[in-house]
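Below are my notes on the model, as numbered points. Please read them alongside the sequence and coordinates.

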Amino acid sequence: MFENLKSKTGIGGAEQSGSINIIGQGTTIEGQINANGDLRIDGVILGSVTSKAKVVIGSTGQVQGDVVCQNADISGTVKGKTTVNELS
């Protein structure tokens, strides 16, 4: 019963790429972040960020490390190398 639920919703699986991940203002994360879906950062990341989708860094967002993604919308601060695979 629960195995069906997991496979349909993508819970615990890497195949779901339509997910949206949010790091809220006032949150600090130390370490590397890897995401298959979109990622919005309004807090602080002390480490590298890799996404197979879009990365949005809000006006209060800060990344102290490299960012690698498909698309990006950066209003905040990145102190590192930024690699965007699709430029419009």
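1. This is a predicted model. The mean pLDDT of the protein is 86, and 80% of the residues reach at least 70. Residues 4–14 fall below 50 in pLDDT, and in the model this stretch makes 6 contacts beyond near neighbours in sequence. Where pLDDT is low, the predicted coordinates should not be read in detail.

2. Four strands form an open sheet in the order E3-E6-E9-E12, and their pairing is parallel. Strand E3 (33–35) and strand E12 (82–84) are the edge strands, each of which pairs on one side only. From one strand to the next, the twist averages 5°.

3. At the E3 edge, the partner is strand E6 (residues 49–51), joined to E3 in the parallel sense over 3 bridges. Asn 34 lies opposite Thr 50 in E6.

4. Strand E4 (residues 38–41) has parallel partners in E1 and in E7. Strand E1 (residues 20–23) pairs with E4 over 4 bridges, with Ile 22 opposite Arg 40 in E4. Between E4 and strand E7 (residues 54–57) there are 3 bridges, and Ile 41 has Ile 57 in E7 as its bridge partner.

5. Which side chains of E4 are buried, and which are not? Leu 39 and Ile 41 point to one face and are buried. Asp 38 and Arg 40 point to the other face and are not buried. In a regular strand, side chains alternate between the two faces of the sheet. Ile 41, one of the buried pair, is also the residue bridged to Ile 57, while Arg 40, which is not buried, stands opposite Ile 22.

Note on methods:
Residues are numbered from 1 along each chain as its sequence is written. Side-chain values use heavy atoms; hydrogens and water are left out. pLDDT is the predictor's confidence in each residue, from 0 to 100. Contact means heavy atoms within 4.5 Å. Two strands pair if DSSP finds at least two bridges between them. Helices (H or I, at least four residues) and strands (E, at least two) are DSSP runs, numbered from the N terminus. Axes are lines fitted to C-alpha atoms, for helices over the stretch in contact, and angles run from 0 to 180 degrees between N-to-C directions. Buried means under 20% relative accessible area, exposed over 50%, partly exposed in between (1.4 Å probe, protein chains only).
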